[in-house]
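The following paragraphs offer a guided reading for someone who has not met this structure before. Please keep the sequence and the three-dimensional view at hand while reading.

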Amino acid sequence: GLSDPTIASPIASPVVNTDYFLLIEDTLNNCFAELQTEVIVLDNPSLSIEPFGVDCGIETQLTAITNISQGDFIWATDENFNNIISDSSTIVVSSFGVTTYYVQFSTSGACVVTESITVQNTSINVSVENSQFVCVGDVAVYTATNADSLDIVTYTWFDSNGNVMDF
């Protein structure tokens with residue numbers, strides 16, 4: 001229906017496609033005009049992001065899922081979409097710690113929906129020195145460095161056969 005069918009600019013709130021007909025009359029000059037307009041109601045897009053949860057890998061793939069087949073995606077690291085990082089439905093992120101990603105989906109009919117996901121990437125960011133050359137009887141000192149001071153890690157060294165190294 002219309003908010004008021006007797007005014008020049010009523011608000012239309014149809015739930016299905018609707019044709020509206022307007023009769024404009026000038027009774028003083030005995031003149032009238034008839035106009036027609038159509039309001040096309042688009043499906044409301046839904047939007048979700050997969051995976052749901054925490055990933056223990058170096059890279060996390062995030063996929064935006066929607067019920068509408070045509071439209072545009074944008075991903076950002078801020079809710080105002082000032083820092084756009086992709087315009088695809090799927091992104092691969094590789095950050096350490098906790099980061100929130102935002103995705104926006106818009107249809108050609110200007111319906112827009114936004115969703116966000118917080119990724120807590122719990123990958124272990126550790127580095128180890130490359131090969132060392134030593135003479136027989138000398139010692140080689142290796143150091144594994146935990147690059148994320150918030151990670152609580154343990155270390156176990158193995159030989160090439162998978163056996164735990166002796167002290």
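Are phenylalanine 73 and phenylalanine 105 buried or exposed? Phenylalanine 73 is buried, and phenylalanine 105 is buried as well. The model in which they are seen is a predicted one. These two residues offer a way into the fold, to which the text returns after a general view of the chain.

The protein chain contains eleven strands and zero helices. Read along the sequence, its pattern is accordingly β-β-β-β-β-β-β-β-β-β-β. Of its 167 residues, 19% count as buried. The chain exposes about 12500 Å², and carbon and sulfur atoms supply 52% of that area. If one takes the contacts between residues at least 6 apart in sequence, 38% of them join residues at least 24 apart.

The pairing of the strands comes next. In general, strands of a sheet pair through backbone hydrogen bonds, and the pairing is either parallel or antiparallel. Strand S5, residues 72-76, runs antiparallel to strand S8, residues 97-106, and five bridges join the two. Within this pairing, isoleucine 74 stands opposite glutamine 104 in S8. S5 also pairs in the antiparallel sense with strand S6, residues 84-86, over two bridges. Here tryptophan 75 has serine 86 in S6 as its bridge partner.

The two phenylalanines introduced above belong to S5 and S8. Phenylalanine 73 lies in strand S5 and phenylalanine 105 in strand S8, so that the pair links parts of the chain that are distant, 32 residues apart. A pair of aromatic rings is described by the distance of the centres and the angle of the planes. For phenylalanine 73 and phenylalanine 105, the centres are 4.9 Å apart and the planes make an angle of 50°, an arrangement classed as tilted. The count of aromatic pairs comes to one.

Another group of strands forms an open sheet of three, in the order S3-S4-S7, with antiparallel pairing. S3 and S7 stand at the edges and have a single partner strand each, so one side of each is left without a neighbour in the sheet. Direction ignored, neighbouring strands of this sheet are turned by 20° against each other on average. S3 and S4 run antiparallel and are joined by four bridges. In this pairing, leucine 47 has threonine 66 in S4 as its bridge partner.

Which residues have the most contacts inside the largest nonpolar core? They are Leu62, Trp75, Tyr101 and Val103, in a core of 14 residues. Two or more residues of this core come from each of strand S3 (47-50), strand S4 (60-66), S5, strand S7 (90-93), S8 and strand S9 (112-121). The largest share, three residues, is given by S8. Valine 103 may serve as an example of the surroundings: leaving out residues up to four places away in sequence, it touches Leu47, Ile49, Ala64, Phe73, Ile74, Trp75, Phe81, Val113, Thr114 and Glu115.

Phenylalanine 81, one of the residues touched by valine 103, leads from the strands to the loops. Phenylalanine 81 is placed in the loop between S5 and S6. Most residues other than glycine have a negative phi. Phenylalanine 81, however, has a positive phi, near 60°. Asparagine 30 likewise has a positive phi, of about 55°, although it is not a glycine. Asparagine 30 lies in the loop between strand S1 (18-26) and strand S2 (31-39). How do these two loop residues stand with regard to burial? Phenylalanine 81 counts as buried because its relative accessible area is 12%, under the limit of 20%. Asparagine 30 counts as exposed because its relative accessible area is 73%, over the limit of 50%.

A further loop, between S8 and S9, holds cysteine 111. Cysteine 111 is buried, with a relative accessible area of 18%. Apart from neighbours within four places in sequence, cysteine 111 is in contact with Leu42, Asp43, Pro45, Phe105 and Ser106. Aspartate 43 is 68 residues away from cysteine 111 along the chain, yet their C-alpha atoms are separated by 8.6 Å. Among the contacts of cysteine 111 is also Phe105, the S8 member of the aromatic pair with which this account began.

Definitions and conventions:
Residues numbered from 1 in each chain as written. Predicted model: local features only at pLDDT ≥ 70, side-chain atom pairs only at ≥ 80, totals over all residues. Heavy atoms only, no water. Pairing = 2+ DSSP bridges. Core = buried A, V, L, I, M, F, W, Y, C linked by side-chain atoms within 4.5 Å. Buried < 20%, exposed > 50% of the residue type's maximum accessible area, 1.4 Å probe, protein only. Contact = heavy atoms within 4.5 Å. Axes fitted to C-alpha atoms, helices over the stretch in contact; angles between N-to-C directions. Areas by Shrake-Rupley, 256 points an atom, 1.4 Å probe, with all protein chains shown as cover. Phe/Tyr/Trp six-rings, centres within 6.5 Å; stacked < 30°, edge-to-face > 60°.
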